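The following exercises concern the structure shown below. Each task is followed by a solution that proceeds step by step.

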Amino acid sequence: MNKSMNKSPITTHILDTSTGKPAANVAVHLFVYTNNKWELIAQGNTNSDGRITDWLNTDVEFATYKLVFDLDSYYKNQPTPAFYPEAQITFRLQDQKHHHIPLLLSPFGYSTYRGS
């Protein structure tokens, strides 16, 4: 990975598309699949801009990773309860580029894409 980066090689953010605002203070866990099991390598909460950019300060291996977003923790403070208590995004790192994994969220659905 690029050692000059000031942020983690894997970052994420959450945008609540029903409000058009970032989803702050959402617990997120990052796992790597190794030795036929998921291993927790980082955890944190999204900041006021809905982002986590500082949870890994080392290079990451080409492997399969998973982000688990605790949506119940977010929706307990929203007018509409969560249909999905959590969202999981599983992805592979296959190059040396920065990996930004956003979550677009609404009370009854979510989507993701490879960000920049």
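**Exercise 1. Strand β8 and its partners**

Task: Determine how many of the residues of β8 are buried, and in which sense β8 pairs with β1 and with β9.

Solution.

Step 1. The model is a predicted one. In it, β8 is mostly covered, since 6 of its 8 residues are buried.

Step 2. On one side of the pairing list stands strand β1, residues 10–16, which runs parallel to β8 and shares 7 bridges with it. Within this pairing, Ile101 of β8 stands opposite Thr12.

Step 3. The pairing of β8 with β9 is antiparallel and comprises 4 bridges. Here Leu103 has Thr112 in β9 as its bridge partner. The connection from β8 to β9 is a hairpin of 2 residues.

Result: β8 has 6 buried residues out of 8, a parallel pairing with β1 and an antiparallel pairing with β9.

**Exercise 2. A residue of strand β1**

Task: Decide whether Thr11 is buried or exposed, and state the distance between its C-alpha atom and that of Ala24.

Solution.

Step 1. Thr11 is located in strand β1.

Step 2. Its relative accessibility is 1%. A residue is called buried when this value is under 20%. Thr11 therefore counts as buried.

Step 3. Along the chain, Thr11 and Ala24 are 13 residues apart, and their C-alpha atoms are separated by 15 Å.

**Exercise 3. The salt bridges**

Task: Find how many salt bridges the whole structure holds, and describe the residues of each pair.

Solution.

Step 1. A general principle comes first: side chains of opposite charge can pair when their charged atoms come close.

Step 2. A search of the whole structure yields 2 salt bridges.

Step 3. One of the bridges joins the side chains of Asp49 and Arg51, with an N to O distance of 2.9 Å. Asp49 has a relative accessibility of 40% and so counts as partly exposed. Arg51 is also partly exposed, because its relative accessible area is 31%.

Step 4. A further bridge is formed by Arg114 and Asp95, whose closest N and O atoms are 3.9 Å apart. This pair links distant parts of the chain, 19 residues apart: Arg114 belongs to the segment after β9 (109–112), and Asp95 to the loop between β7 and β8 (99–106).

Step 5. Arg114, at 45% relative accessibility, counts as partly exposed. Asp95 is likewise partly exposed, its relative accessibility being 24%.

Step 6. To place Asp95 further, consider Ile52: the two residues are 43 positions apart in sequence, and their C-alpha atoms are 21 Å apart in space.

**Exercise 4. The aromatic cluster**

Task: State which residues are linked into a cluster by ring pairs, and work out the geometry of the pairs that involve Tyr84 with Phe83 and with Tyr110.

Solution.

Step 1. The whole structure contains 6 aromatic pairs.

Step 2. Phe83 and Tyr84 are one of these pairs: their ring centres lie 4.9 Å apart and the angle between the planes is 85°, an edge-to-face arrangement. Phe83 is exposed, because its relative accessibility is 53%. Tyr84 has a relative accessible area of 32% and is therefore partly exposed.

Step 3. The rings of Tyr84 and Tyr110 have centres 5.4 Å apart and planes at 85°. Planes over 60 degrees apart count as edge-to-face, so this pair also receives that label. The pair connects distant parts of the chain, 26 residues apart, with Tyr84 in the loop between α1 and β7 and Tyr110 in strand β9. Tyr110 counts as partly exposed, since its relative accessibility is 35%.

Step 4. Ring pairs join Phe83, Tyr84, Phe108 and Tyr110 into a cluster. These four residues also form a nonpolar surface patch, with about 440 Å² of accessible area together.

Result: the cluster consists of Phe83, Tyr84, Phe108 and Tyr110, and both pairs examined are edge-to-face.

**Exercise 5. A charge over a ring**

Task: Identify the ring over which the charged end of Lys66 sits.

Solution.

Step 1. The charged end of Lys66 is 5.4 Å from the centre of the ring of Phe31.

Step 2. The ring sought is thus that of Phe31, over which the charged end of Lys66 sits.

Conventions
Residues are numbered from 1 along each chain as its sequence is written. This is a predicted model: local features need pLDDT of at least 70, side-chain atom pairs count only at pLDDT 80 or more; totals for chains, interfaces and linings use all residues. Side-chain values use heavy atoms; hydrogens and water are left out. Patches are made of residues with over 30% relative accessible area and no salt bridge: like charges are joined within 9 Å, nonpolar side chains (Val, Leu, Ile, Met, Phe, Trp, Tyr) within 5 Å. Accessible areas come from the Shrake-Rupley method with a 1.4 Å probe; for residues, only the protein chains shown count as cover. Buried means under 20% relative accessible area, exposed over 50%, partly exposed in between (1.4 Å probe, protein chains only). Rings of Phe, Tyr and Trp (its six-membered ring) pair if their centres lie within 6.5 Å; planes under 30 degrees apart count as stacked, over 60 as edge-to-face and the rest as tilted. A charge sits over a ring if NZ of Lys or CZ of Arg is within 6 Å of the ring centre and within 35 degrees of the ring normal. Two strands pair if DSSP finds at least two bridges between them.
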